[in-house]
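Here are a few exercises to help you find your way around. Have a look at the structure, try each task, and then read the worked solution.

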Amino acid sequence: MDKDGGRKRLTPAQRAVLILSLLVALLAVANLGRLAMAIYYARRLPDLPMTLSWTYLAVMGGVWFTAFCGCAGGLIYFRPWGRLATLVAVPAYQIHVWINH
C-alpha cells in the first residue's frame, strides 16, 4: 500500500502514454465533428457537385472515430494491443488524408 491511500503513482512512461491517449481521443472527437458536419451539409447542400459524396465523408468520419476511440481506450487501460493499434491507425489515417487530397 502506498502513502497515497492505496493508489499507485504513475511512472513517467505511463503518464506519457496517457497524454498520447488524450491526443488520440482528440483525433476521435475531430472525426466525430467531421461526421456531424458531413451530415449537416448533406442536408443543407444536397445538390452540390463534389468529387467525394457526403455519404463517403460521413462514413469515413465514423470509421476513424471508432478506430481512434478503440486506440485511446487501449492506451488508457494500458492494453498491449493499444500501442500496436495506435501505431497502425495514426499513420494509416495520415496516409488516407494524403490520398484524399
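**Exercise 1. Work out whether Arg83 is buried or exposed, and place it in the fold.**

Start with the surface: Arg83 has a relative accessible area of 57%, so it is exposed. The cut-offs are under 20% for buried, over 50% for exposed and partly exposed in between, with a 1.4 Å probe and protein chains only. Next, find its element: Arg83 sits in helix H3, which spans 80-100. Helices here are DSSP runs of H or I with at least four residues, numbered from the N terminus. Last, look for Ser21: it is 62 residues from Arg83 in sequence, yet their C-alpha atoms are 9.8 Å apart.

A word on the model: it is predicted, local features need pLDDT of at least 70, side-chain atom pairs count only at pLDDT 80 or more, and totals for chains, interfaces and linings use all residues. Residues are numbered from 1 along each chain as its sequence is written, and side-chain values use heavy atoms, leaving out hydrogens and water.

**Exercise 2. Describe how H1 and H2 pack.**

Two packed helices are described by the angle between their axes and the distance between the axes. For H1 (12-44) and H2 (54-76), the angle is about 160 degrees and the axes are 8 Å apart. That makes H1 roughly antiparallel to H2. Axes are lines fitted to C-alpha atoms, for helices over the stretch in contact, and angles run from 0 to 180 degrees between N-to-C directions. As for the names, under 35 degrees is roughly parallel, over 145 roughly antiparallel, 65 to 115 roughly perpendicular, and the rest oblique. Finally, H1 passes H2 in a left-handed crossing, meaning the near helix is turned anticlockwise from the far one by less than a right angle (clockwise would be right-handed).

**Exercise 3. Now bring in H3: how is it set against H2, and how against H1?**

Take H2 first. The axes of H2 and H3 come within 8 Å and cross at roughly 155 degrees, so these two helices are roughly antiparallel. Then turn to H1, which packs against H3 at an angle of about 45 degrees, with the axes 12 Å apart. That makes H1 oblique to H3. To finish, check the handedness: H2 and H3 have a left-handed crossing, and H1 also passes H3 in a left-handed one.

**Exercise 4. Explore the stretch from the H1-H2 loop into H2, using Met50, Leu52 and Trp54.**

Met50 is in the loop between H1 and H2, and its relative accessible area of 33% makes it partly exposed. Leu52 lies in that loop too and is partly exposed at 29%. From Leu52 to Met37 is 15 residues in sequence and 14 Å between C-alpha atoms. Trp54 belongs to helix H2 and is buried, at 17%. Between Trp54 and Tyr40, 14 residues apart along the chain, the C-alpha separation is 9.4 Å.

**Exercise 5. Find out what is unusual about the backbone of Phe78, and where Phe78 lies.**

Begin with the backbone: Phe78 has a positive phi of about 55 degrees although it is not a glycine. Then place it: Phe78 is in the loop between H2 and H3. Its relative accessible area is 37%, so Phe78 is partly exposed.
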